[in-house]
Amino acid sequence: MCVSRNSAGRLAQLFALLLVSSVLASCATSGQSARPKGPDPYYLAMYGPKPEEKFPLPAIDISKVEPRYLRQQVAYATSEPPGTIVVDTQNRFLYLVQDGGMALRYGIGVGKAGLEFQGEARVGRKAEWPRWTPTSDMVAREPERYGPLAGGMEPGIRNPLGPRALYLFQGNRDTLFRIHGTTEAWSIGKAVSSGCIRLFNPDIIDLYSRVPTDTRVIVLQSEPPMGGPLGAPMAAAADEGQPLSM
């Protein structure tokens, strides 16, 4: 078959264009597949291991955690003054109120005791790596599980209170209501059978560092369910260790 010089030139140009298009498509596909999947690296660092703790804490697997329950700064309309802790048990959030209509929001898990208290209290005591003693009701309900621990459990990574605990008082009376860490990270965002208000361990460490004793605490039990998108995280402002306006 004979091909003219002009035809041969056009075929060469067409072949070159096809080759370039193929290379570009290959690069685009490779670029897409190379994009990392999974949680934001910012949150992976936030919930990463804490080897500096008295009892070193492992990283938390947040791959299956709803992003709304990760620590973040959000717009929050409230009449409560900055520095107040507001616990919204129905929507599974704890807010640390800030200036300018903002709050630092933490996801929580709510135990049975957490659904039995409502109203105002104060942080009457703070404890790092606290001891834990099951209530008499817990021992009576599950004697095989809690009976051996009736005398108390020493601090450690298996302690249900986790690395920090805030003890709520009304006046000088201990309400037996606690805000604490957890050994069950999967329970954040859920209602669980026992305990009070539990946070991811890195979150209770963060909250503990931000609030002094006598901090005012409001516990809400009847807030309407939240619908639609929630506040987007303002990651830089919620960074652990970075001061926030209170």
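Before sorting any pocket lining by class, I note that Ala, Val, Leu, Ile, Met, Phe, Trp, Tyr, Cys and Pro count as nonpolar, that Asp, Glu, Lys and Arg count as charged, and that the others, Gly among them, count as polar.

I keep in mind that I am reading a predicted model. I looked up the overall make-up and found five helices and 10 strands in the protein, with buried residues making up 40% of its 246 residues. For the surface, I noted an exposed area of about 13,600 Å², of which carbon and sulfur atoms supply 57%.

Next I turned to the interior, where the largest nonpolar core has 26 residues, and Ile85, Val87, Leu94, Ile179, Leu199 and Leu207 are those with the most contacts inside it. Among the elements that give two or more residues to this core I listed strand E2 (85–88), strand E3 (93–97), strand E8 (173–180) and helix H5 (201–210), and I marked H5 as the one that gives the most, with four residues.

I then followed Leu94 and, leaving aside residues up to four places away in sequence, found that Leu94 touches Ile85, Val86, Val87, Leu104, Arg105, Tyr106, Ile108, Ile179, Leu199 and Leu207. I also recorded a second, separate core of 18 residues, which includes Met46, Tyr47, Ala103 and Ile188.

Last, I looked at the second largest pocket, which has a volume of about 460 Å³. I found 23 residues lining this pocket, with Ile60, Glu184, Ala185, Trp186 and Phe200 lying nearest its centre. Sorted by class, the lining of the second largest pocket came out as 12 nonpolar, five polar and six charged residues.

How values were computed. Residues are numbered from 1 along each chain as its sequence is written. This is a predicted model: local features need pLDDT of at least 70, side-chain atom pairs count only at pLDDT 80 or more; totals for chains, interfaces and linings use all residues. Side-chain values use heavy atoms; hydrogens and water are left out. Buried means under 20% relative accessible area, exposed over 50%, partly exposed in between (1.4 Å probe, protein chains only). Accessible areas come from the Shrake-Rupley method with a 1.4 Å probe; for residues, only the protein chains shown count as cover. A nonpolar core is a set of buried Ala, Val, Leu, Ile, Met, Phe, Trp, Tyr and Cys residues joined through side-chain atoms within 4.5 Å. Contact means heavy atoms within 4.5 Å. On a 1 Å grid over the protein atoms alone, a cavity is a set of points where a 1.4 Å probe fits but cannot get out, and a pocket is an open set with protein on both sides within 12 Å along at least five of seven lines; lining residues have an atom within 4 Å of a point. Grid points are joined across faces, edges and corners, and a volume is the space filled by probe spheres set on the points.
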